[in-house]
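Thanks for coming, everyone. I'll walk you through one structure today. Have a look at it first, and then we'll start with the cysteines.

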Amino acid sequence: RAERERAQTRIDELKKRGQELASMIAVEKKRQSLCEKYIRTQATMLSENINRLFANLEFRLFDTQINGGIVDDCTPMLHGVEYKDASHSEQIRANVDIVRAMQIHADTYIPYFIDNAEACTHLREMPCQIIKLIVSEQDKQIRIVKEV
């Protein structure tokens, strides 16, 4: 009988401890949830602030996993299409947009060379000199044309 009472006392102690641990786990899960919410909010704000600098593209800086976690990504997107899958002309426009944003942000303007510029018919205005390298089958020698 004494052994049964001792066992029942121990069971009661363990149940009480189990309830304490359950409440501690609930508090920690709430903290974890708040931390995850903070990270998601911070990621959204960071993405918005960076993408505000660009006109023709946006960066997918974070990707949401199946479990709801966020991982770093930094993929340039052109109208919802990844940079690597965009047309050559769109890639040139994206490059110009990136260089333009960096020049404005750093307040440093240097000449910008665009290779294969024949692929792009119109470009966004740049706050610097643009040097277009264009392939032409009619010209046998290098020709320099100054646009006004």
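Start at Cys-120. Its sulfur lies 15 Å from the closest cysteine sulfur, the one in Cys-128, and that is too far for a bond. A disulfide would need the two sulfur atoms within 2.5 Å. One caution before we go on: this is a predicted model.

How many disulfides does the count give? By that rule, zero.

Is Cys-120 buried or exposed? Cys-120 is buried, at a relative accessible area of 9%. Now take Cys-35. That residue is partly exposed, and its relative accessible area is 48%.

Next, the strands. Look for the open sheet of three. Its order is β1-β2-β3, and the pairing is antiparallel. Which strands sit at the edges? They are β1, residues 58-64, and β3, residues 81-82. Each of these edge strands pairs on one side only.

Take the pairs in turn. Between β1 and β2 there are six bridges, in the antiparallel sense. Arg-60 shows one of the pairings: its bridge partner in β2 is Thr-75. The two strands form a hairpin, with five residues between them. Find Gly-68 in that turn. Its phi is positive, about 95°.

Now move along to β2, residues 70-78, and its pairing with β3. That pairing is antiparallel too, over two bridges. Here Met-77 has Glu-82 of β3 as its bridge partner. This hairpin has two residues between the strands. Which residue takes a positive phi here? It is His-79, with a value near 55°.

Stay with Glu-82, as it leads us to the charges. The side chain of Glu-82 meets that of Lys-84 in a salt bridge, at 3.8 Å from N to O. Salt bridges with shared partners join Arg-60, Asp-73, Glu-82 and Lys-84 into one network. So Arg-60 comes up twice: we met it as the bridge partner of Thr-75, and here it belongs to the network. How open are the two ends of the Glu-82 pair? Glu-82 is partly exposed, with 25% relative accessible area. Lys-84 counts as exposed, at 62%.

A general word on such pairs. Side chains of opposite charge can pair when their charged atoms come close. How many salt bridges does a search of the whole structure find? The search finds 10.

Let's visit some others. Glu-20 forms one with Arg-17, and the closest N and O atoms are 3.4 Å apart. Where do these two residues sit? Both are in helix α1, residues 2-51. They are separated by about one helical turn, because they lie three residues apart in that helix. Glu-20 is partly exposed, at 35% relative accessible area. Arg-17 is partly exposed as well, at 43%.

Another salt bridge joins Glu-5 and Arg-1. Their side chains meet at 3.7 Å, N to O. Glu-5 is partly exposed, with a relative accessible area of 45%. Arg-1 counts as exposed, at 80% relative accessibility.

Now go back to where the helix leads. Leu-53 has its place in the loop between α1 and β1. Leu-53 is partly exposed, with 44% relative accessible area. How far is its C-alpha atom from that of Val-71? The two are separated by 22 Å, with the residues 18 apart along the chain.

On to another pair of strands. β4, residues 112-115, and β5, residues 130-133, pair in the parallel sense over four bridges. Tyr-112 has Ile-130 in β5 as its bridge partner. β4 has two faces. Which residues make up the covered one? They are Tyr-112 and Ile-114. Phe-113 and Asp-115 form the uncovered face.

Last stop, the largest pocket. Its volume is about 860 Å³. The lining holds 21 residues, and the closest to the centre are Ile-130, Ile-131, Lys-132, Val-145 and Glu-147. Note Ile-130 there: it is also the β5 partner of Tyr-112. What kinds of residue make up the lining? It divides into 11 nonpolar, three polar and seven charged.

To close, three things to take away. The disulfide count is zero. The salt bridges come to 10. And the three-stranded open sheet runs in the order β1-β2-β3. Thank you.

Definitions and conventions: Residues numbered from 1 in each chain as written. Predicted model: local features only at pLDDT ≥ 70, side-chain atom pairs only at ≥ 80, totals over all residues. Heavy atoms only, no water. Buried < 20%, exposed > 50% of the residue type's maximum accessible area, 1.4 Å probe, protein only. 1 Å grid on protein atoms, 1.4 Å probe; cavity = no way out; pocket = protein on both sides within 12 Å on 5 of 7 lines; lining within 4 Å. Points joined across faces, edges and corners; volume = space filled by probe spheres on them. Nonpolar A, V, L, I, M, F, W, Y, C, P; charged D, E, K, R; others polar. Salt bridge = Lys/Arg side-chain N within 4 Å of Asp/Glu carboxyl O. Pairing = 2+ DSSP bridges.
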